[in-house]
Amino acid sequence: MHTTLIDPTQLADKLTDPSWVILDCRHDLMNPNTGPASYAAGHIQNAQFADIDRHLSGPKIDADGMFRGRHPLPERTLLIQTLRSWGINDETQVVAYDAHGGMFAARLWWLLRWIGHAPVALLDGGLAAWQAQGLPLVTPVTSPPCGRIEEKPTLTNTVSTAEVMANLSSHERTVVDARAPDRFRGENETIDPVGGHIPGAKNRFFKDNLQADSRFKSSAELRREFAPLFEAAPLAIMQCGSGVTACHNLLALEVAGMYGAALYPGSWSEWCADRTRPVATGA
């Protein structure tokens with residue numbers, strides 16, 4: 001069972017294994033049509049397309065009319081239905097990949113763990129690593145039989161906006177922001193109309209988890225880099241712009257053997273939507 005990362009050669013040996021499901025998570029935040037178009041142009045054999053907006057997120061506005069962020073968590077029963085449509089069973093080994101260092105595939109990895117599915121891994125190095133080893137892409141679309149996955153006890157932790165707000169006074173936990181440093185400092189108004197970060201947060205850009213070839217750093221190196229940020233992983237809250245790249249940091253923590261950190265699903269986009277919440281800027 002693979003639960004964090006998998007090498008392209010390991011995946012290549014399982015392309016026709018019916019107990020494996022491969023999901024293509026390519027996406028472009030500025031152009032949502034890029035992912036489906038890239039998938040149609042060529043993907044790993046038997047891979048199916050997982051859309052970050054349609055499949056891996058829920059409505060931005062909840063039943064009470066409150067804004068929940070740009071990529072809220074999907075409703076659990078709907079997520080289960082989507083996973084079944086991809087042919088996923090309780091024993092299925094799922095592999096997710098993208099072409100962006102895992103920034104979108106990590107969201108799928110986290111969501112499966114959220115509903116209690118342990119055998120899910122990210123293709124280390126993504127599509128670039130696959131092609132660098134001379135492995136092919138195909139264009140036919142796969143339509144598997146319906147799966148029977150059931151929800152099980154969650155393997156993840158989450159916190160609400162109210163809990164993050166309370167933490168401003170208690171200082172029991174450390175918020176770690178996965179956005180690029182300029183966004184964290186409040187200097188990128190193109191992406192973040194309200195710039196800055198949650199007071200007291202620390203910055204760990206998700207790309208710092210990767211080597212130059214977009215593969216994850218070693219467990220020891222990740223552990224050494226994360227250790228100064230918080231006292232213990234269960235006391236850490238991972239966030240980003242909308243709860244997507246924060247999952248990359250959560251995956252890196254799993255690779256490092258540092259377990260128990262929580263995701264703030266609404267992240268900065270939900271936090272800053274209420275102008276009464278405090279905002280910090282600068283480094």
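**Exercise 1.** Are Asp192 and Arg183 buried or exposed?

*Solution.* The model is predicted: local features need pLDDT of at least 70, side-chain atom pairs count only at pLDDT 80 or more, and totals for chains, interfaces and linings use all residues. Residues are numbered from 1 along each chain as its sequence is written, and side-chain values use heavy atoms, with hydrogens and water left out.

Step 1. Set the scale: buried means under 20% relative accessible area, exposed over 50%, and partly exposed in between (1.4 Å probe, protein chains only).

Step 2. Asp192 is buried, and Arg183 is buried too.

Step 3. Their side chains form a salt bridge, at 2.8 Å from N to O. A salt bridge is a side-chain nitrogen of Lys or Arg within 4 Å of a carboxyl oxygen of Asp or Glu.

**Exercise 2.** Describe the salt bridge between Glu225 and Arg204, and place both residues.

*Solution.* Step 1. The N to O distance between the side chains of Glu225 and Arg204 is 2.9 Å.

Step 2. Glu225 belongs to helix α8 (residues 219-226), while Arg204 sits in the loop between β7 (202-203) and α8; the pair links distant parts of the chain, 21 residues apart. Helices (H or I, at least four residues) and strands (E, at least two) are DSSP runs, numbered from the N terminus.

Step 3. Glu225 is partly exposed, with a relative accessible area of 24%, whereas Arg204 is buried, at 7%.

Step 4. Elsewhere, salt bridges that share partners join Asp177, Arg179, Arg183 and Asp192 into one network.

**Exercise 3.** Explain what the salt bridge of Glu254 and Arg113 ties together.

*Solution.* Step 1. A search of the whole structure gives 14 salt bridges. In one of them, the side chains of Glu254 and Arg113 meet at 3.5 Å, N to O.

Step 2. Glu254 lies in helix α9 (residues 246-256) and Arg113 in helix α4, so the pair ties together parts that are 141 residues apart in sequence.

Step 3. Both Glu254 and Arg113 are buried. In α9 as a whole, 11 of its 11 residues are buried. Gly257, with a positive phi near 80°, follows α9.

**Exercise 4.** Give the strand order of the open five-stranded sheet and identify its edges.

*Solution.* Step 1. The order is β1-β5-β4-β2-β3, with parallel pairing. Two strands pair if DSSP finds at least two bridges between them.

Step 2. β1 (5-6) and β3 stand at the edges with a single partner strand each, so one side of each has no neighbour in the sheet.

Step 3. Strand β2 (residues 20-24) is joined to β3 by three bridges. Asp24 has Phe49 of β3 as its bridge partner.

Step 4. Helix α4 (residues 105-114) lies across β2, β4 (93-97) and β5 (120-123), and runs at about 175° to β5. Axes are lines fitted to C-alpha atoms, for helices over the stretch in contact (heavy atoms within 4.5 Å), and angles run from 0 to 180 degrees between N-to-C directions.

**Exercise 5.** Locate His43 and list what surrounds it.

*Solution.* Step 1. His43 is in the loop between α2 (34-41) and β3 (47-49).

Step 2. With 0% relative accessibility, His43 counts as buried.

Step 3. Its contacts beyond four places in sequence are Asp24, Arg26, Tyr97, Leu137, Val138, Thr139 and Pro140. The His43 side chain reaches the backbone oxygen of Pro140 at 2.8 Å.

**Exercise 6.** Work out how strand β6 is arranged and paired.

*Solution.* Step 1. In a regular strand the side chains alternate between the two faces of the sheet. In β6 (residues 174-177), Thr174 and Val176 point one way and Val175 and Asp177 the other way; all are buried.

Step 2. Four bridges join β6 to strand β8 (residues 236-239), in parallel, and Thr174 stands opposite Ala236 in β8.

Step 3. Two bridges join β6 to β7, also in parallel, and Val176 stands opposite Lys202 in β7.

Step 4. Phe230 touches Thr174 and Val176, and among its other contacts outside four places in sequence are Ala236, Met238 and Leu253.

Key
A polar contact is a pair of N or O atoms within 3.5 Å; within protein, one must be able to donate a hydrogen and the other to accept it, and residues adjacent in sequence count only if both atoms are side-chain atoms.
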